[in-house]
Amino acid sequence: MKRMGMIFRAKANKALDRAEDPRETLDYSYQKQLELLQKVRRGVADVATSRKRLELQLNQLQGQSSKLEDQGRKALALGREDLAREALSRRQALQQQVSDLETQHQTLQGEEEKLTLAAQRLQAKVDAFRTKKETIKATYTAAQAQTRIGEAVSGISEEMGDVGLAVQRAEDRTAQMQARAGAIDELLASGALDDPTGMAKDDLTAELDRISGGGDVELELQRMKAELAGGASGGQQAIEGGQGEQAQPPQQQDRTRFDKQ
């Protein structure tokens, strides 16, 4: 079971690596950072809202405290010391609430400042990550394109590999057909196979045709030699006759011409 689990995890990890696109992962991480930044901003807004509500409550309590102080003065001026004492007691209770609210207000203000600073830092990190993300995506895209071009040129890509296999199969098929055609020709020439069309010749017929063709060539050669020899003899006789006419005297030459006529 452990081995099966390890094999399954290895297969799943390999499949995930094959399916993972770094550009999509970077975009997803950037989206998550934006969501986190939005949450921080909402937190700052919530803290600021709470601080503002405390400020409103403080203003109300301070207004009530001032009002009780005025009422105590008026009661004391009218000789109602008991009313003045009651007004001052209420004012003192309000002052305690005002003090607590001021403490809470300072705490919220400090938290708001911290959250604001954290939001600013996170915003700077998000901006830097966005710039780096775009740079990495551009570099990855360029490297991917360069890799595909290199694979296409070298013929190791899947598409070019299929083309190379097709060419190899075509070449093997052509060589096989050529070898088969040559073997059939040899078998027909040797008489091991019969030609149903009657066009093929056996060894004896081929040899007779060769001898006959050679005899025709020899006869034609002898005829050409005879013609050349006859032409050479006629020319030699004409030359000798001309020389004999030139050796005779003029009267003998005229007589010879007369006899020839």
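**An all-helix chain and its nonpolar cores**

Let me begin with the surface: the accessible surface of the protein chain comes to about 20,900 Å², and carbon and sulfur atoms hold 56% of that area. What you see above is a predicted model, and of the 261 residues in the protein chain, 12% count as buried.

As for the secondary structure, the protein chain has six helices and zero strands, which gives the pattern α-α-α-α-α-α when read along the sequence. Among contacts with a separation of 6 or more, 71% join residues that lie 24 or more positions apart.

Before going further, a word on confidence. The mean pLDDT of the protein chain is 77, with 73% of the residues reaching 70 or more. Of the elements, helix 2 has the highest mean pLDDT, at 88, while helix 6, residues 250-260, has the lowest, at 47. Over residues 242-261 the pLDDT is below 50, and in the model this stretch has five contacts beyond near neighbours in sequence.

Turning to helix 1, we can ask whether its length agrees or disagrees with what its residue count should span. Its 18 residues, 2-19, should span 26 Å at 1.5 Å a residue, and the end C-alpha atoms are 25 Å apart, so the two agree. Helix 1 is also hardly covered, since the count of buried residues among its 18 residues is one.

Now to the interior. In soluble globular proteins, nonpolar side chains tend to be buried together. Here the largest nonpolar core has nine residues, namely L26, Y30, L37, V40, V44, A119, L122, V126 and F129. Two elements, helix 2 (22-77) and helix 3 (81-154), give two or more residues each to this core, and helix 2 supplies the largest share, five residues. There is also a second, separate core of seven residues, and L54, L61, L68 and L94 are among them.

Two members of the largest core deserve a closer look. Leaving aside residues up to four places away in sequence, V126 touches Y30, Q33, L34 and L37. The other member is A119, which is found in helix 3; is A119 buried or exposed? A119 has a relative accessible area of 11%, and because the cut-off for buried is under 20%, A119 counts as buried. With the same exclusion of residues up to four places away, A119 touches L37 and V40. Finally, A119 and G43 are 76 residues apart in sequence, yet their C-alpha atoms are 9.5 Å apart in space.

Key. Residues are numbered from 1 along each chain as its sequence is written. This is a predicted model: local features need pLDDT of at least 70, side-chain atom pairs count only at pLDDT 80 or more; totals for chains, interfaces and linings use all residues. Side-chain values use heavy atoms; hydrogens and water are left out. A nonpolar core is a set of buried Ala, Val, Leu, Ile, Met, Phe, Trp, Tyr and Cys residues joined through side-chain atoms within 4.5 Å. Buried means under 20% relative accessible area, exposed over 50%, partly exposed in between (1.4 Å probe, protein chains only). Helices (H or I, at least four residues) and strands (E, at least two) are DSSP runs, numbered from the N terminus. Contact means heavy atoms within 4.5 Å. Accessible areas come from the Shrake-Rupley method with a 1.4 Å probe; for residues, only the protein chains shown count as cover. The expected span of a helix is 1.5 Å times one less than its number of residues. pLDDT is the predictor's confidence in each residue, from 0 to 100.
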